[in-house]
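This briefing introduces a structure to a reader who has not met it before. Please view the sequence and the model together while reading.

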Amino acid sequence: TLFRSKGSVASSKAAFDEDPDLAALEARLEEGTFLMAKPVRFRPGGCFVRLPGGQEAFLPVEHFSPSTEASTNAVRQAVNKLSRDGKLRVRDIGSDRVSMLKAHEEALRGQELDARRRKMEEGIEKLRENYNPNKVMVGFVSSVQKNGIFVSVIDGLDALIPLKELPSKFLEEDGEVQKPTLAVGQAVQFRIIRYSWQSDGFVATTMPL
């Protein structure tokens, strides 16, 4: 570990400027240490990754490099494109979160992050105000699970369509259980039928009225 007192910063600056190795070390210390992590679960707001020690951390979509939109499908595609041997290069930013950005890149993207959060909050508020279980919406399948599918509602938010809310044409028998036949990226029509004010979670249906 490198320690420098405040009084030594000015006097040592010339030394760093003159010595390329010391300058490179200074840059690495300022940017933080990067490590390789394996993506394990995808969400509209980012993905969970497993770090070398086995613990998991969350990589927010705002910390992807390059930027990507906030949807499960877009996050999955970005991870597939950016990963090397199935892993992503990230650095710890605290609170069980990691980032693909360098420290100065994260600072520069601050305004973009604030704008994205405001957009998502506005979208949720609009859905709250205009909540109508009879209104038909169109979205894309973002994830297919055993208990149903997730569809994109607004930037950064997906809705769950449980198996019981899928018509038989979207289901197939798999032994003694049913599973969805829809694929990620497929467009579907749906209606939002339940909403949780506490978690901003939405449940939808593809069943006709």
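A residue is called buried when its relative accessible area is under 20%, exposed when over 50%, and partly exposed in between (1.4 Å probe, protein chains only). This is a predicted model, in which local features need pLDDT of at least 70 and side-chain atom pairs count only at pLDDT 80 or more, while totals for chains, interfaces and linings use all residues. Residues are numbered from 1 along each chain as its sequence is written, and side-chain values use heavy atoms, with hydrogens and water left out.

**Asp-158**
- Asp-158 lies in strand E8 (residues 157-162); strands (E, at least two residues) are DSSP runs numbered from the N terminus.
- Asp-158 is buried but has no salt bridge, that is, no side-chain nitrogen of Lys or Arg within 4 Å of its carboxyl oxygen.
- The nearest side chain of opposite charge belongs to Arg-76, 8.0 Å away; Lys and Arg count as positive, Asp and Glu as negative, and His and the chain ends are not counted.
- Among the residues in contact with Asp-158 beyond four places in sequence are Pro-44, Phe-150 and Val-153, contact meaning heavy atoms within 4.5 Å.

**Strand pairing**
- Strands E1 (residues 34-43) and E4 (residues 88-94) pair in the antiparallel sense over four bridges; pairing requires at least two DSSP bridges.
- E1 also pairs in the antiparallel sense with E2 (residues 46-50), over five bridges.
- E1 and E2 form a hairpin with two residues between them.

**Confidence**
- The chain averages a pLDDT of 80, on the predictor's per-residue confidence scale from 0 to 100.
- Over residues 1-16, pLDDT stays under 50.
- Where pLDDT is low, the predicted coordinates should not be read in detail.
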